[in-house]
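The following paragraphs walk through one protein model, from its overall form to individual side chains. Please keep the sequence and the coordinates at hand while reading.

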Amino acid sequence: MDSKDMFGKDRLAAGLAACTILLLFVFFYALHQNVTGLGREIEELKSLNSAVLELDARHAALDGKVTELGTLPRRTSLMTMENQVRAMAHAAEDLDQRLDGKHRDKLAAIRTMLQEIGEDIGDSR
């Protein structure tokens, strides 16, 4: 073989090796950039996950408050009825003091019934 052919083959091999090394650097640089990008995305997903968990906790707290608010009309109406029953019992007691003896037995029965109704309403609240 000729020294020129040998020198040409050596140059070709060196050029291929340099291109291979250059391609490897480009490949590893791109791989490094992708891994770095994935790391950032993972951190963003972690922060997003914590935000979702926080919103879920807020949602549960709000659901509890809405449920509590939903029971307010019933509790309010029970309190109103209890106050009305107390007012009627007070009126019956006032009538008992003003009327004569023959109606007192009936008023005592009415007061007893009103007291029982008031206790039942108080227990259901």
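The protein chain holds two helices and zero strands, where helices (H or I, at least four residues) and strands (E, at least two) are DSSP runs, numbered from the N terminus. Its radius of gyration, taken over C-alpha atoms, is 45 Å, well over the 14 Å that the globule rule gives for 125 residues, so the chain is more spread out than a compact globule; the rule itself is 2.2 Å times the number of residues to the power 0.38. Along the principal axes, the C-alpha trace of the protein chain spans about 145 × 15 × 10 Å.

This is a predicted model, in which local features need pLDDT of at least 70 and side-chain atom pairs count only at pLDDT 80 or more, while totals for chains, interfaces and linings use all residues. Residues are numbered from 1 along each chain as its sequence is written, and side-chain values use heavy atoms, with hydrogens and water left out.

Of the 125 residues of the protein chain, 8% count as buried, a class that means under 20% relative accessible area, as against exposed at over 50% and partly exposed in between (1.4 Å probe, protein chains only). The surface that the protein chain exposes amounts to about 10700 Å², and carbon and sulfur atoms supply 63% of it; accessible areas come from the Shrake-Rupley method with a 1.4 Å probe, and for residues only the protein chains shown count as cover. As for charge, the protein chain has 16 positive and 20 negative charges, whose mean positions are 3 Å apart. In this count Lys and Arg are positive and Asp and Glu negative, without His and the chain ends, and the place of a charge is taken as NZ of Lys, CZ of Arg, CG of Asp or CD of Glu.

Helix H1 covers residues 3-98 and includes leucine 31. Leucine 31 is partly exposed, with a relative accessible area of 40%, and joins Leu24, Phe27, Phe28 and Val35 in a nonpolar surface patch with about 480 Å² of accessible area together. Patches are made of residues with over 30% relative accessible area and no salt bridge, like charges being joined within 9 Å and nonpolar side chains (Val, Leu, Ile, Met, Phe, Trp, Tyr) within 5 Å. Leucine 16 also belongs to helix H1 and is exposed, with a relative accessible area of 53%. From leucine 16 to aspartate 56, 40 residues away in sequence, the C-alpha to C-alpha distance is 58 Å.

How many salt bridges does a search of the whole structure find? The search finds four, a salt bridge being a side-chain nitrogen of Lys or Arg within 4 Å of a carboxyl oxygen of Asp or Glu. One of them pairs lysine 46 with glutamate 43, with the closest N and O atoms 3.7 Å apart; these two residues are three residues apart in helix H1 and therefore separated by about one helical turn. Lysine 46 is exposed at 51% relative accessible area, whereas glutamate 43 is partly exposed at 46%.

Another salt bridge links arginine 58 to glutamate 54, the closest N and O atoms being 3.0 Å apart, and both residues lie in helix H1, four residues apart, about one turn of the helix. Glutamate 54 has 44% relative accessibility and counts as partly exposed. Arginine 98 and aspartate 94 form a salt bridge in which the closest N and O atoms are 3.4 Å apart; here, too, the residues lie four apart in helix H1, about one turn of the helix. Arginine 98 is exposed, at 66% relative accessible area, while aspartate 94 is partly exposed, at 30%.

From arginine 98 the view can pass on to glutamine 115, 17 residues away along the chain, with 20 Å between the two C-alpha atoms. Helix H2 comprises residues 104-124, among them glutamate 119, which counts as partly exposed at 45% relative accessibility. Which residues gather with Glu119 in a patch of negative charge on the surface? The others are Glu116, Asp120 and Asp123.
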